[in-house]
Amino acid sequence: MSPATLQDNPTVETFFNAVETETLALFEHLSFEFLEEFDVFAPAETGRTRDHEPPEMMRGFLHCYYKDIYGIRPVARELNNTVVWLSCGFDRPPSRDAVDRFLTDLEHVIDEIFDHLVEQAALRGLLDLTYSIDSTDVRTMPADQDASKCYDPTAEEYYYGYGCTIVSTGSKIPIAAEFTESKQAPEETAMRVTRDALAVDTPIWMLGDSAYDTLDWHDYLLTAGVVPIAPYNARNTDDPLDIEYRVEDRIKEHSKDVKLKQSTLDETYNCRTGVERTNDAVKDCGLGHVHARGRVHARAQVFLSLCLRLVIAITNYERGDNPGSTIITV
């Protein structure tokens, strides 16, 4: 008997009402059936079929990450809880091998899954006209031989792990991201993530800290019709300009008619704290401390955390107009 049949059966309606958890709301407004379209989840050429379908496995991982449960063994153990595997749509609890296999396959398509969820957020109008870009630390276990000792200039301390550059908008909505070797990402990463963000939609403003005070970044955005605001870094030159933001100088190269008020730039730049709140929210979803070993597994966990943040944002939007709904606050 499938979970769908069970839920339609009045004899178990009381059971589901009794065991409904917060995470059940995460699956109420989003379908994960699109995962079945990916070739990586297709049956093996030998004819062997999967014991569990991708949508159920994805729901299982999202549930576990929401509950701060990471790693193959802990996830498999949680999904053997009767209430959990029924709530996630399984016919029976998955084995540890099934959990491991799904995560391994997921690594090949996690970017496309993230993009799909970003699209779902955009369709619901959750994006606004101000984008912010920032990098954050991704701390991992010393046993991860692919990770390295990195420096966090914000905290002024060293840590072991990787980094992640994120563009966010709206209410803590990540719309583009890239996994990096350390928090201090190279300029080419900033450019790539910026292009990915503009492929979703074109904002009016793009905000970044002084690390994004580069000519290429500013000129690319201005050419695209976006106003970049990043504090001018006078340390980059021996002959500093009398400006607060790089765009004050670059706008002269792109238009003689456009003028930006200092007060407008200051007021808009104050919105950059939104990306910091996004970083904190994604850390609460699993990015804060990666429990996977190896760069590939670590990257998959980071993007799963980003996906969970999007799912939560969409769920909160869908349930926000219902006074009787519980809003998930991550």
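Me: Is Lys172 buried, exposed or partly exposed?
Reply: This is a predicted model, in which local features need pLDDT of at least 70, side-chain atom pairs count only at pLDDT 80 or more, and totals for chains, interfaces and linings use all residues. Residues are numbered from 1 along each chain as its sequence is written, and side-chain values use heavy atoms, with hydrogens and water left out. Buried means under 20% relative accessible area, exposed means over 50%, and partly exposed is in between (1.4 Å probe, protein chains only). Because its relative accessible area is 27%, Lys172 is partly exposed.

Me: What is the phi of Lys172?
Reply: Lys172 lies in the loop between strands β3 (157-169) and β4 (173-180). Helices (H or I, at least four residues) and strands (E, at least two) are DSSP runs, numbered from the N terminus. Lys172 is not a glycine, yet its phi is positive, at about 55°.

Me: Which other loop residue, located between α3 and α4, has a positive phi?
Reply: The loop in question joins α3 to α4 (72-78). The phi there is about 60°, although the residue is not a glycine. The residue is Asp68.

Me: How many helices and strands does the protein have, and what percentage of its residues is buried?
Reply: The secondary structure comes to 13 helices and 7 strands. Of the 330 residues, the part that counts as buried is 51%.

Me: Among contacts between residues at least 6 apart in sequence, what percentage joins residues at least 24 apart?
Reply: Contact means heavy atoms within 4.5 Å. Among the contacts in the protein that satisfy the separation of at least 6, those joining residues at least 24 apart make up 63%.

Me: Which residues is Val275 in contact with, leaving aside neighbours within four places in sequence?
Reply: Val275 is found in helix α12 (residues 273-287), and it counts as buried because its relative accessibility is 0%. Its C-alpha atom is separated by 6.6 Å from that of Asp134, 141 residues apart along the chain. Outside the excluded neighbours, the contacts of Val275 are Ser132, Ile133, Asp134, Ile166 and Ser168.

Me: Are α3 and α13 roughly parallel or roughly perpendicular?
Reply: Axes are lines fitted to C-alpha atoms, for helices over the stretch in contact, and angles run from 0 to 180 degrees between N-to-C directions. Angles under 35 degrees count as roughly parallel, over 145 as roughly antiparallel, 65 to 115 as roughly perpendicular and the rest as oblique. Helix α3 (residues 54-66) and helix α13 (residues 295-319) pack at about 90°, with axes 10 Å apart. The two helices are therefore roughly perpendicular.

Me: How many nonpolar, polar and charged residues make up the contact of α3 with α13?
Reply: Met58, Phe61, Leu62, Tyr65 and Tyr66 of α3 meet Gln301, Leu304, Ser305, Cys307, Leu308, Val311 and Ile312 of α13. Ala, Val, Leu, Ile, Met, Phe, Trp, Tyr, Cys and Pro count as nonpolar, Asp, Glu, Lys and Arg as charged, and the others, Gly among them, as polar. The residues of this contact divide into 10 nonpolar, 2 polar and no charged.

Me: Which residues of α6 make the contact with α3?
Reply: The axes of α3 and α6 (residues 96-106) come within 11 Å and cross at roughly 95°, so the two helices are roughly perpendicular. On the α3 side, the contact is made by Pro54, Met57, Met58 and Phe61. On the α6 side, the residues are Ala98, Val99, Phe102, Leu103 and Leu106.

Me: Is the crossing of α8 and α9 left-handed or right-handed?
Reply: Helix α8 (residues 187-200) and α9 pack at about 15°, with axes 10 Å apart, which means that α8 is roughly parallel to α9. A crossing is left-handed if the near helix is turned anticlockwise from the far one by less than a right angle, and right-handed if clockwise. The crossing of α8 and α9 is right-handed.

Me: Which residues of helix α9 are buried?
Reply: Helix α9 spans residues 215-223, and Gly225, with a positive phi near 85°, follows it. Its buried residues are Trp217, His218, Asp219, Leu221 and Leu222.

Me: How far apart are the C-alpha atoms of Ala211 and Glu187?
Reply: Ala211 lies in the loop between β5 (205-207) and α9, and it counts as exposed because its relative accessibility is 58%. Ala211 and Glu187 are 24 residues apart along the chain, and their C-alpha atoms are separated by 8.9 Å.
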